[in-house]
Amino acid sequence: MNIKTGINTTAAGIMLAFSLYLSQITDIGLFIDIRQKLFPETYPHPFHKVASISYSDLINDARTIDPKILSSMEEFGFFYVTNISDYSALKELQMLKQFFSLPDSVKMQLAVNKHDHRNKNVYRGYGPVVENSGTQHKEMFNIGPHEGPTPKFRLADTQLNKLRAISKEQNVWPSTLHDKFDGDFRKVFLEGLKTRMLVARGVIRSIGRSLGADQLISRFTESEFSTLGLRRYPVRTLRPDNMNSRYDNVPLSELEHEDSTVTVLTTFNYTGLQALYEGKYMDVPPSNDGFIVNIGTLVEDIADKRIKAVRHRVKQVDFERHSIPCFFNPSFDADISKSISGRRTAAGENNEIFGEWMRDYLPAVEPGLLNEDMTAEPSDLVDVDKTDNPDKDVD
């Protein structure tokens, strides 16, 4: 026996003996965890069984995909959409980076009213990085499905009617000295939003078929509040303690959370996204040229919790990161008070329609987004003579 053979035999013997020792460990979870760390190549990634669905099959309602989507949503809470026709993730990433590299003076012309009170746009538009803001450390630009003029409302209108107008707020777009960039940017992301909304509708139809609730899609007919969000996460130099996970103390750039409705996410080739699976946060493989789809707690509840709203987060990384989430929402007047079986939902304890739910949700997740004019009810205008004409239209 030569020396090389002897070494290999000895190593194999040691590994076998160590495996036999580990097999005596009563905590099988600890045993598996140790083996995975010692011999990772023998264990596939926990998410290797997550479904991968063809874009064409999804939007054309191929019934063969329904059990795959349902199984993946039940176990993992997400799946992938691939082979997307007439779509380029690389083109989107290039345009996104170009936009965020524009001078602040150009971008701030598009800032939502919260960040620049001179601007009229409330919901669609630009949001700068706010330093030392705790849990928020990202630059963003939000795009909606509405290109027509924002519906007018009066100061004396109810808060709900004002919000109904904002749900159809007209997009704002960059205006630079480069007409080609301006036109390409608008075209690329309007088409990107349209593609993702087709995906989201296909997902809702598939879930509805699997759960015997074909009417589920009727709650998403208008989807006025749906939003495509461009995101840039700069490297964070200051890491406040409140950005460490309460779960395992890992430094994060996005805290653990569940989404609310339907999310169609693009992570390009960036790592950092993690999802909770069997009690541990696992790295989610990037979307690359496709999308990652998950649902949130509101849709989970409407679906009688037959599918999972996956808890997820983004760990702190030492490089700049970009992503594009698309949030596909129910129609403003959609009934969210009852599940597909007729059970009263958690949201239904306080709200009947989605617009009412958004009225409570937006101030909680984006403090200051809605100014006083937006949040005032007619009863707040106690002295009409002291108001700025509450019956006038607000553009």
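**Two sheets and the helices packed around them**

Asn142 sits opposite Gly229 of strand S6. That pair belongs to the ladder between strand S4 (residues 139–143) and strand S6 (residues 227–233), which run antiparallel and are joined by five bridges. Everything described here comes from a predicted model, and the S4–S6 ladder is a handy way into it.

The sheet that holds this ladder is open and has eight strands. Reading across, the order is S1-S2-S11-S8-S13-S6-S4-S3, and the pairing is mixed. At the edges stand strand S1 (52–54) and strand S3 (125–127); each has a single partner strand, so one side of each goes without a neighbour in the sheet. On average, neighbouring strands here are turned by 25 degrees against each other, with direction ignored. As for what a ladder like this does with its residues, side chains in a regular strand alternate between the two faces of the sheet.

Two helices lie across this sheet. Helix H5 (residues 89–100) lies across S3, S4, S6 and strand S13 (321–328), and runs at about 105 degrees to S13. Helix H8 (residues 179–210) lies across strand S2 (78–82), S4, S6, strand S8 (262–266), strand S11 (291–295) and S13. The angle of H8 to S13 is about 55 degrees. S4 and S6, the strands of the opening ladder, thus turn up in the list for H5 and again in the list for H8.

H5 and H8 also pack against each other. What is the angle between H5 and H8, and how far apart are their axes? The angle is about 130 degrees, and the axes are 10 Å apart. Roughly perpendicular ends at 115 degrees and roughly antiparallel begins over 145, so H5 and H8 are oblique to each other. The crossing of H5 past H8 is left-handed. From H5, the residues involved are Lys91, Glu92, Met95, Leu96, Gln98 and Phe99; they meet Phe181, Asp184, Phe185, Val188, Phe189, Gly192 and Arg196 of H8. By class, the contact of H5 with H8 breaks down into seven nonpolar, two polar and four charged residues.

There is also an open sheet of four strands, with the order S7-S12-S9-S10 and antiparallel pairing. Strand S7 (252–257) and strand S10 (280–283) are its edge strands, each pairing on one side only. From one strand to the next, the twist averages 30 degrees. Inside the sheet, strand S9 (residues 273–277) pairs with strand S12 (residues 312–315) in the antiparallel sense over three bridges, with Ala275 placed opposite His312 of S12. S9 is joined to S10 by four bridges, once more antiparallel, and Leu276 has Tyr281 in S10 as its bridge partner. S9 and S10 make a hairpin with two residues between them. In that turn, Glu278 takes a positive phi of about 50 degrees.

A further helix pair involves helix H7 (residues 159–167) and helix H10 (residues 354–365), whose axes come within 10 Å and cross at roughly 90 degrees. That angle falls in the 65 to 115 degree range, so H7 and H10 are roughly perpendicular to each other. H7 brings Gln159, Leu160 and Leu163 to the contact, where they meet Gly355, Glu356, Met358, Arg359 and Leu362 of H10. Sorted by class, the residues of the H7–H10 contact are four nonpolar, two polar and two charged.

Finally, two single residues are worth a look. Asp301 has its place in helix H9 (residues 297–302). Is Asp301 buried or exposed? The cut-off for buried is under 20% relative accessible area, so Asp301, at 7% relative accessibility, counts as buried. Which residues does Asp301 touch, once those up to four places away in sequence are not counted? They are Ser339, Arg343, Thr345, Ala346 and Ala347. The C-alpha atoms of Asp301 and Arg344 are separated by 9.3 Å, although the two residues are 43 apart along the chain.

Leu70, in helix H4 (residues 66–75), is buried too, with a relative accessible area of 15%. Leaving aside neighbours within four places in sequence, Leu70 is in contact with Ser210, Leu211 and Ile307. Ser210 falls in H8, which spans residues 179–210. C-alpha to C-alpha, Leu70 and Ala51 are 9.3 Å apart in space, and 19 residues apart in sequence.

Terms used. Residues are numbered from 1 along each chain as its sequence is written. This is a predicted model: local features need pLDDT of at least 70, side-chain atom pairs count only at pLDDT 80 or more; totals for chains, interfaces and linings use all residues. Side-chain values use heavy atoms; hydrogens and water are left out. Two strands pair if DSSP finds at least two bridges between them. Axes are lines fitted to C-alpha atoms, for helices over the stretch in contact, and angles run from 0 to 180 degrees between N-to-C directions. Contact means heavy atoms within 4.5 Å. Angles under 35 degrees count as roughly parallel, over 145 as roughly antiparallel, 65 to 115 as roughly perpendicular and the rest as oblique. A crossing is left-handed if the near helix is turned anticlockwise from the far one by less than a right angle, and right-handed if clockwise. Ala, Val, Leu, Ile, Met, Phe, Trp, Tyr, Cys and Pro count as nonpolar, Asp, Glu, Lys and Arg as charged, and the others, Gly among them, as polar. Buried means under 20% relative accessible area, exposed over 50%, partly exposed in between (1.4 Å probe, protein chains only).
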